[in-house]
Amino acid sequence: MFHKGRGKDLPDWPKWCYMPLAAAYAVVSQGQTLNPLVATDVGILGALYAWRLTKGIYRYDPDFFEAITDTKITGDIPIGVLYRLPEWCVYIEYGREGVSGFWTHLEHDTNDGRSELRFVLDCGDDLVPIPLHLVGNLSECLEATIREIQKQQSRFKSLGYPSDVARVMKIIEPGMSVFSGMVSLVLYLCSQNSEIRNRNQSNTRPHKTHTSKGAQASTTWDVGIRIGSALRSASQSDNHQKDDDNLQSHAAPRPHVRRAHWHTYMTGSGREMPTLKWLSPILVGWSDGVIPAIRNVEPKKGENNENL
């Protein structure tokens with residue numbers, strides 16, 4: 001009903017948001033004042049409703065996962081890059097700190113017009129929502145989120161309610177490094193050079209998919225397979241080089257891997273559109289210092305594979 005009323009009986013909202021959480025709030029509260037004990041259900045319902053449309057599950061290559069989560073979010077990364085999520089809501093496998101994975105989607109607050117990147121952490125028996133308010137650059141957003149979580153934790157304690165916020169704090173303490181790593185995983189899916197197997201890079205949101213029985217089917221997307229393989233090769237080369245260094249000395253610096261980082265490009269006619277790229281670790285000092293690109297070559301129409 002809410003979705004059909006968009007821009008008609010109800011106010012319109014940005015296209016990057018499938019459904020504002022105001023709709024989930026109305027469903028959960030049934031028009032009544034919402035009990036704080038079930039307030040987290042609003043964030044959970046909003047995420048799962050957006051995710052059920054395409055049910056995309058994103059699985060990172062293990063070594064690539066390490067590289068991405070270790071990439072610091074620093075500098076002036078604009079929040080606009082997050083509007084390039086490949087689906088309305090995605091589920092990213094995580095497998096650390098008691099978090100199996102997390103859903104993430106974009107929210108438009110119908111009351112004040114603010115944008116949020118919403119997370120729902122999959123902690124086994126618990127689903128824990130976390131909002132990332134998108135104001136300023138991304139580094140500032142992360143810092144503000146930690147302060148807000150600490151503030152809400154104190155408020156819930158004073159009211160005597162069991163605190164989902166306390167569970168969140170246990171996950172992301174002693175700082176923002178864990179949550180920052182989760183945001184980096186999302187950033188990569190929004191980046192211009194993201195490597196998602198069997199997925200085009202048009203950044204168009206996929207349509208619904210169904211099984212033969214009509215139920216919604218999930219799709220698992222492998223992320224960073226090629227880069228992960230290259231990182232493992234680089235690590236093996238690094239280990240071989242260390243063995244060589246133990247046998248001989250030389251004046252030149254030992255080959256090494258330069259740290260990965262995010263880089264923002266301003267594109268468009270007026271250079272007003274931010275585009276994000278993840279710059280992979282650079283192999284410095286090796287003769288073959290470039291991570292190779294693997295491209296599938298298809299024969300032209302009418303050609304025989306045996307002649308290629």
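**Notes on the sheet, its helices and the core**

1. Let's start in the middle of the sheet: isoleucine 57 stands opposite tyrosine 91 in S2. The chain goes from S1 by way of H3 to S2, and this β-α-β crossover is right-handed (with the strands pointing away from the viewer, the path from the first strand over the helix to the second runs clockwise). S1 and S2 are parallel, with 3 bridges. Helices (H or I, at least four residues) and strands (E, at least two) are DSSP runs, numbered from the N terminus.

2. A word on the ground rules: this is a predicted model, where local features need pLDDT of at least 70 and side-chain atom pairs count only at pLDDT 80 or more, while totals for chains, interfaces and linings use all residues. Residues are numbered from 1 along each chain as its sequence is written, and side-chain values use heavy atoms, leaving out hydrogens and water.

3. Which order do the strands of the open sheet take? Reading across, S5-S4-S3-S2-S1-S6, 6 strands with mixed pairing (two strands pair if DSSP finds at least two bridges between them). Strand S5 (126-133) and strand S6 (219-223) are the edges, each pairing on one side only. On average, neighbouring strands are turned by 25° against each other, direction ignored (axes are lines fitted to C-alpha atoms, for helices over the stretch in contact, and angles run from 0 to 180 degrees between N-to-C directions).

4. Now for the S6 side of S1. Strand S1 (residues 56-60) runs parallel to S6, joined by 5 bridges, and arginine 59 stands opposite aspartate 222 in S6. Helix H3 (residues 62-69) packs on the sheet here, touching S1, strand S2 (89-96) and S6, with its direction at about 100° to that of S2 (contact means heavy atoms within 4.5 Å).

5. On to the hairpin. S2 and S3 run antiparallel, with 6 bridges between them, and arginine 96 stands opposite valine 99 in S3. Just 2 residues separate the two strands, and glutamate 97 in that turn has a positive phi of about 50°.

6. Helix H6 (residues 177-190) lies across S1, S2, S3, S4, S5 and S6, at about 135° to S2. The largest nonpolar core has 64 residues, and Tyr60, Phe119 and Leu132 touch the most other members; H6 gives the most to this core, with 10 residues. Such a core is a set of buried Ala, Val, Leu, Ile, Met, Phe, Trp, Tyr and Cys residues joined through side-chain atoms within 4.5 Å. Leaving aside residues up to four places away in sequence, leucine 132 touches residues including Phe119, Phe179 and Val183.

7. Is isoleucine 196, in the loop between H6 and S6, buried or exposed? Buried, because its relative accessibility is 7% (buried means under 20% relative accessible area, exposed over 50%, partly exposed in between, with a 1.4 Å probe and protein chains only). Isoleucine 196 and tryptophan 221 are 25 residues apart in sequence but 6.4 Å apart in space, C-alpha to C-alpha.

8. Helix H1 (residues 21-29) has Leu21, Ala23, Ala24 and Ser29 buried. Those residues pack against helix H2 (40-51), strand S3 (99-108) and strand S4 (115-123). Right after H1, glutamine 30 has a positive phi of about 55°.

9. Last, the cysteines. The whole structure has 0 disulfides (pairs of cysteine sulfur atoms within 2.5 Å). Cysteine 89 is buried at 0% relative accessible area, and cysteine 190 is buried at 1% relative accessibility.
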